[in-house]
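The following note sets out points for consideration on the model under review. The points concern the chain interface and then the sheets.

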Amino acid sequence: MRNVLERVLIPLSKHLWECEVPLLVCQSIGFLGYIRLQIKEHTVIEAHPDNESPDLRLDQPWPALNDYLNSIDIEQLDQKEKSHVPPVAILHYYLNKYKDSHDGNVPQKRSEREQLQQMIKDSGHSEEGNNRFILEENFEQAIHYANTCATTKPIPDHVQTILDDDCCVKLTQNSSSFWIMCSALREMVQAEGALPLKGTLPDMAADTQSYITLQNIYQKQAQNQAESIYRRALEIIRNLGLPQDSITESEVKYFCKHSSELHLIRGSCLADEYQKTSLDLTSYLEDPDSLIFYYVILRGLERFLSEFNAYPGQLDDQVEPDILKLKGIINKLLNEWGYSHVLRDERVHEVCRYGGAELHSVSSILGGCAAQEVIKVITHQYKPLVNTFIYDLINSTSATFCL
Amino acid sequence: MEECKESSQKKWTHLRKVLERPGPFSHPEFEPSPDILDFILSTCKILIVGAGGLGCELLKDLAMMGFKHIHIIDMDTIDLSNLNRQFLFRLKDVGFSKAEVAADFVNKRIQGCQVVPHCCMIQEKNPQFYRQFHVIACGLDSISARRWINGMLVSLLEYDENDVLDQSSIIPLVDGGTEGFKGNARVILPGMTACVECTLDLYPPQVTYPLCTIANTPRLPEHCVEYVKMVQWSKENPFGVPLDGDDAQHLTWVHEKASERANQFNIQGVTFRLVQGVVKNIIPAVASTNAVIAGVCATEVFKLATSCCTPLNNFMVFNDIDGIYTYTYEAEKKENCTVCSNIPHPVTIEDPSKMKLKDLIQFLCENPKFQMKNPGLTTNIDGKSKTLYIPTIDVIEARTRPNLSKTLLELGLSDGQQIIVADTTTPTSVILKLVYSISDIEMKT
Ligand SMILES: [Zn+2]
């Protein structure tokens, strides 16, 4: 929606909040853009995080992984075999060696990890003419993985929050399949202390045969874990008295694969902002360059529009008087919200200069952003905006506020 | 004049507000006046480079912002797979020139708009062609084309006898790029602010391949994999499901088919790892990202053409994977930029009696500062021009090929020698200066 009057927007926002229908509001004025996403509860399964480090679980190898990795004795391999052995096998081998000399403990501290890395480095050098030593790529990767990936990852906070949520702990017949799966996941996490495996291996320097063997081992384990969660979910469904087909196995598999990416968003109602924003604006208002001022100006502009039935600066000879009027409205607004800050005159001036003008390119930018947010909300993929976005095309900067 | 009448028309009231009123954030030289709208409507000439996903958006945006004299250049023809986001094209347009169809669409849709299409390579146009524009906007997916345009605009700069840049010779370049949910937009004032070459390390290596190459003229093992992924999989659908890059069975099938295809074309190097890399690293073009980046670029073109607001200084990145995020910063102009600074570039040679010419060429291709594709090298010895290696002309290539395995010393190149390098990545040549770290005396002993 674009540039809707307050008296239309407020009841609409309240109504849609009640019916739990997401609402996205856009404003495009001059070089300024505003997007507000109102959504009561939104869950994301596949967040597509950037640069996620792999979860190799070498500190808790399950029998299949342990048997396979134990069958590879790194130090008995010839030069050619050594250069093709998967980094996971290298890391496993030296992790065990490390454990043998450290009372069975895996490295925790940085200095301990460095010790493990040194062990790998020392054995990975191969000779190549002219007495030059090079470290094979697979050994380099093993050293790299030793940093973050060897040990089981803790449950991320955003997932733990979901598992502790009332919706997860107290299921009802109306619980969505998302929450039923979360509840099944919670049982498993409580039993095993870790999230299910993703079942994927990152690309690594290795020969095809052993890479595929390893990949299959991780995939199989992930499959077993997903099946176990599926069984738990079916039991939960039965206990709740819901039909068995409320959740499908493929749904659970997808959920498990992305269990480290789960996110829960509980939004706020746009209409409430007209009383006062839930976010304390004080610290933002103290920075005269903060884009929060454009939020305040846009609120003032809406009120101006309601009061005078025109945009500030709409008429050529009214720009100067409208600047004063708009400033008055904004000061009153800030007062009502309990703030005593003043904003830079020039920003009010700039908005009055626009006189309600809409620039095609600015609207096009907002349209692109808004479309993507709508797709995120519909697909439950990627994390949507929480919840207010201000785009200042004067300086080409933007900011997000959770109001 | 008809155009003058048009500038007072009601449909431009929105633009007139920002063009005819002073603003606290406008460019210091901005003088609000109806003449500015007249300038946009009747005089200002814009070139859009690329008529793909970004180009279509840019053309639509600029035409809707009042620009009438827009040229658009693209050598490609429309493919079926373009239609989901390149919205100026319809099914009936498949196989026709992107530039021509886009121009035609906008000319019909927007009254008075005079878009001029150029269906050719950017390299086919001469400096005179590029000099006629006030602003150039790029929506390309190829880094080498970007580098070429950038080099062209730098070559158009004029300096007086005191090496002071003639401001009127500057043609601003607004450049946009997208990759999935990420994008960037930048403003380059050639000779004044950071150019494409100054920030070459910002561009990741390219991983997308045009469909026509994949279908008709595969050269790389990657092309074979892409072909199986994009064409054969959907045709034969071996497992009855979409291709999953995490499924070893799927990858094995693709590996097998891609190897067959590679054999057919005598292409080496289709390995399982490569198959996995290509299948999983697809970054699809996203229509909404194109809309955002093109919108930002069009806004900057409008600012540059009108001075109604200060332009972006000078680089903005955008990402909407997690909420909506932008970051703006000033990319720095490199004092020793290979293109926009006019000085020879020192290249340190450890041992010229060991370094062969091919090693130097490899260095030019792999070094992040140069990132050349297929450089040709000439030099001057004792006042005589000497061709070291020219890869692009067959006869000269054959004649100069033996030089590749000669060392720099064997070629008679001395410390401080200047070498002129020509490459497809730039319309002008780059001058290298060899710096030997071992002195002559040491070498003789
Ligand atoms: Zn430069």
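1. The area buried between chain B and chain A is about 4,300 Å², and carbon and sulfur atoms give 55% of this area. The structure is a predicted model, and the figures below should be read as computed from it. In terms of residues in contact, 51 of chain B meet 61 of chain A.

2. Three salt bridges are counted between chain B and chain A. In a salt bridge between Asp50(A) and Lys182(B), the closest N and O atoms are 3.0 Å apart. Polar contacts between chain B and chain A amount to 25 residue pairs, both residues of each pair being at pLDDT 80 or more.

3. Which elements of chain B each supply at least two residues of the side that touches chain A? Five helices and two strands do so: H2 (13-20), H4 (53-64), H10 (248-264), H11 (272-280) and H12 (287-306), together with strands E7 (315-319) and E8 (325-329). The greatest contribution to the side of chain B that touches chain A comes from H12(B), with 10 residues. Sorted by class, this side of chain B has 24 nonpolar, 13 polar and 14 charged residues.

4. Two of the elements named in the preceding point, E7(B) and E8(B), also belong to an open sheet of eight strands in chain B, whose order is E3-E2-E1-E4-E5-E6-E7-E8 and whose pairing is mixed. Strand E3 (116-118) and E8 of chain B stand at the edges with a single partner strand each, so each has one side without a neighbour in the sheet. From one strand to the next, the twist averages 15°.

5. Within the eight-stranded sheet of chain B, strand E1 (residues 45-49) and strand E4 (residues 135-139) of chain B are paired in the parallel sense over four bridges. Ile46(B) has Val135(B) as its bridge partner in E4(B). Helix H7 (residues 143-155) of chain B lies across E1, E4, strand E5 (173-179) and strand E6 (182-188) of chain B, and runs at about 170° to E5(B).

6. Further along chain B, strand E13 (residues 426-436) pairs with strand E9 (residues 345-349) in the parallel sense over five bridges. Here Tyr436(B) in E13(B) is the bridge partner of Ile349(B). E13(B) also pairs with strand E12 (residues 418-423) of chain B, in the antiparallel sense and over five bridges. For Ile420(B), the bridge partner in E13(B) is Ile431(B). Two residues lie between E12(B) and E13(B), which form a hairpin.

7. In chain A, four strands form an open sheet with antiparallel pairing, in the order E1-E2-E7-E8. Why is one side of strand E1 (23-29) and of strand E8 (397-401) of chain A left without a neighbour in the sheet? These two strands stand at the edges and each has a single partner strand, so one side of each remains unpaired in the sheet. The twist in this sheet averages 10° from one strand to the next.

8. The antiparallel pairing of E1(A) with strand E2 (residues 32-38) of chain A extends over seven bridges. Arg36(A) in E2(A) stands opposite Val25(A). Helix H1 (residues 6-18) of chain A lies across E1 and E2 of chain A, and its direction is at about 155° to E1(A).

Technical notes: Residues are numbered from 1 along each chain as its sequence is written. Chains are lettered from A and ligands numbered from 1 in the order in which they are written. This is a predicted model: local features need pLDDT of at least 70, side-chain atom pairs count only at pLDDT 80 or more; totals for chains, interfaces and linings use all residues. Side-chain values use heavy atoms; hydrogens and water are left out. Contact means heavy atoms within 4.5 Å. Buried area is the accessible area (1.4 Å probe) that two parts lose on being put together, summed over both. A salt bridge is a side-chain nitrogen of Lys or Arg within 4 Å of a carboxyl oxygen of Asp or Glu. A polar contact is a pair of N or O atoms within 3.5 Å; within protein, one must be able to donate a hydrogen and the other to accept it, and residues adjacent in sequence count only if both atoms are side-chain atoms. Ala, Val, Leu, Ile, Met, Phe, Trp, Tyr, Cys and Pro count as nonpolar, Asp, Glu, Lys and Arg as charged, and the others, Gly among them, as polar. Two strands pair if DSSP finds at least two bridges between them. Axes are lines fitted to C-alpha atoms, for helices over the stretch in contact, and angles run from 0 to 180 degrees between N-to-C directions.
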